[in-house]
Structures are given as C-alpha cells and as structure tokens.
Amino acid sequence: MTAPVAFQVEVAAPADGSTAARVGRLVTAHGEIETPQFMPVGTNATVKALHPDEIAEAGATIVLANTYHLYLRPGHDRIDRLGGLHRFMGWDGPILTDSGGFQVVSLDHLRLVDDDGVTFRSHIDGSVHRFTPERSIEIQEALGPDIAVAFDQPVYPSSPLEVVADATARTHRWAERSLAAHTRTDQALFGIVQGGIDPGLRAESARAIAALPFDGICIGGLAGDETAAEREATIEVAVDALGDDPRVRYLMGLGSPADLLEAVHRGIDLFDSVLPARVARNGQLWVPGGRLNMRNSAFLDDPRPVQEGCPCPLCRRFSRAYLGHLFRARELLAYRLATCHNLTFTLDFMARIRAAIRSGIFPESLPELRRRAGRESRGEVVEQSA
Ligand SMILES: [Zn+2]
C-alpha cells in the first residue's frame, strides 16, 4: 500500500544550528506542496470572497476547510453524495480539514468535555451535537480531503497546568482512537501535539504523538493567548523533541508574516490562518514593512497601487484611492480585491523564505525578511503613512 502523502526534505537545516528552517515537498494525489507553505482557510468550503481560480492565482497550492462548519452546514453526508469536497467547492488542489476540535472547544460556554468526546451547541441554531474522535474521523472521511486531522482538545496556553496536563493526556488517548477509526487508505491522517507552553508537557506530547503512525505532525494549542517569546520557546521544545522525525511539521493557526518567519526559523513547514483574509476585509493591506489602513482618508487621493510591482488583481489595475472608496462605500469588490492582495503578499513572502533557504542564505537574510514582514505580531500594528 502506498502512503496517501509523501514528505521529502529537499534542503535540510544546516548542521551549525544557525537555523532549523528547511525546504521540503509534500506530495498528495491532488498536487505537490512546497514547504514552508501557508494554507489559506476556506471555513465554509470557500476562502471568503474569492473564486478558486483567484486562490490559485494568489499562489496557494493547498487550502484548509473546517470540519465543524461543514458538518453543521451543509452537512458532510450531503457533500459526500455530491462527490466530495474537491468537486463541491471546485478546487482540484490538495485540501486539509481540521478535526473540529478547536471550534467545539473554543466555543467556551457552549460545550461539555468528557473522556469520550465533546457535546456542544451549534452556533447557527443552538441545536446540541456531539463530536468524538470516531465521529470527527467519520465526518472527515465523508468530506474527502487529502489530509484529515486527529480529534484533540486544545486549551488556552494560559490555562492552569493541571488543565493543560489533563487535556494533553486526553488528546493522546483521542489520537489513538482517531487512528483506530480511520479507514480511508487514500487519505492521510495527521496527529496533533498539545502540551500548552509548559516545556515538560510539550516535549512529552511531541514524543507521544510522534510514536504513533500518523502521516504528519501538527503542533496545536498555540496562536492563542501566549506571548511571541512563549510561542517561540514552545516551538523549539516541540521541534527538539521531534528530533530527526521524517514527517512534515504543521503549526496550526498562525498567520502574520512576522510570526510565520519566526516559526519557519524554528523548523515549522506548514501553516494555516484566517488572519490575512480577515484583516483584508477590515481594510488592512499588508505591504513590505507593515500595513496600510485603507480606511485612512489620506488614501482617497492616492493614485498609486497598494504595492508597487505586486502581481495581484488589485495592484495590477487599481489605485489606493479606488480601494479606499470601495471600502467606504462598502462595495463587495473591496473584500475580494483586498483578500487577493493579502494572500498574494503572504504566499510571495513564503516563496521568498523558501528561496533564501534553498540558496543557503536564510540566516543572513533574516534581518531583511523581518523588515519585509513588519514588526507586527498579532495585536501589534505598524501602520505606514501614505
Ligand atoms: Zn497586490
């Protein structure tokens, strides 16, 4: 039996320890993904405001879809009957689904976790539902992505240690149950490392998940309320504990250019986040060195493109003035053009990172790449004036 995905490290991290960054290739039945790579998120089987051709034109080679959302609406059985997720959403490239664990657990007041699974209320109509590892896998097998993910229990990084320890142990038990429930041989299954920001728990979790026959390793429970320093230290602990494990390493939920860069530097291959698209819809356009707030009235008379030389459909054709006008008038085209730009910027940034690693100059290129990313890490915003 051939594996549903194959991962090959093409440029390994240098032995001198100057960086853990590496370049690899993840091969799936629907296409190949060069890593380090960013996956745009299609929550409802659509990257909000974009046509699939625009997602591809922005440079995306894989997208993520949300199990929780698609289970509630339109229903995984319906998507299965209609030929699976690829056909349903008109995307021929690779797709990864999450397990729903993050959504059902992050809806804090609506859920009840026990050892068997999670009972939660739908955010749509308040109806009561239950996810177990077996149910999550059944739903993901019906949806039919190239890569499914084990059901886990993430907790906020700032949670008390005993809460983190309890959720991490449960995540390990659920990892084994997810593996036992998974039957589709044409679909990969990734396991999730938890452990919060406690170095002991995180290392233990990385070793526990790596001991299981998953096709890839996700690092979960970050991109929450931890500081950048806590996150970076935790990534180092997890990557260290994984050692020379040959599988792809995917850090869940991280999306700002500065955060992506620091995680690649520490050995992460794969990322996903709603952030580039979400901030785009709020009128925040990422450019080298920071971001432009298109609601700033100074842009209403600015004939320049958002970013000189950017190949996206916004910058090729339209001015800052026009985009600023669209946002003020709440015209739908604003959301589409802004999302195209931020995804193009993010995916181009990942391509620059890969090029630097391939050329063997990534450590020396870090200052320049950090400048390009801006200093923004989650809440911190560096706005450029017109
Ligand atoms: Zn652009």
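**Close-up views of a zinc site and aromatic pairs**

Along the chain, the donors of the zinc ion follow the spacing C-x1-C-x2-C-x25-H. This is a predicted model, in which local features need pLDDT of at least 70, side-chain atom pairs count only at pLDDT 80 or more, and totals for chains, interfaces and linings use all residues. Residues are numbered from 1 along each chain as its sequence is written, and side-chain values use heavy atoms, with hydrogens and water left out.

**View A. The zinc ion and its protein donors.** C310 (SG), C312 (SG), C315 (SG) and H341 (ND1) lie 2.1 to 2.3 Å from the zinc ion. Donors are N, O and S atoms within 2.8 Å of the metal (3.2 Å for Na, K and Ca); water is not among the atoms, so sites may look incomplete. The 4 donor atoms subtend angles of 101 to 116 degrees, so the arrangement is tetrahedral (four donors, all angles between 85 and 135 degrees). C312 is buried, at 1% relative accessible area (buried means under 20%, with a 1.4 Å probe and protein chains only). C315 is also buried, at 9%.

**View B. The aromatic pair Y71 and F131.** The whole structure holds 8 aromatic pairs (Phe, Tyr or Trp rings, the six-membered one for Trp, with centres within 6.5 Å). Y71 and F131 form an edge-to-face pair, 5.0 Å centre to centre with 70 degrees between the planes (edge-to-face means over 60 degrees). Y71 is in helix α2 and F131 in strand β9, 60 residues apart (helices are DSSP runs of H or I, at least four residues; strands of E, at least two; both numbered from the N terminus). F131 is buried, at 0% relative accessible area.

Definitions and conventions
Four donors count as tetrahedral if all angles lie between 85 and 135 degrees; four count as square planar and six as octahedral if opposite donors are over 155 degrees apart and all others between 65 and 115; anything else is irregular. Buried means under 20% relative accessible area, exposed over 50%, partly exposed in between (1.4 Å probe, protein chains only). Rings of Phe, Tyr and Trp (its six-membered ring) pair if their centres lie within 6.5 Å; planes under 30 degrees apart count as stacked, over 60 as edge-to-face and the rest as tilted.
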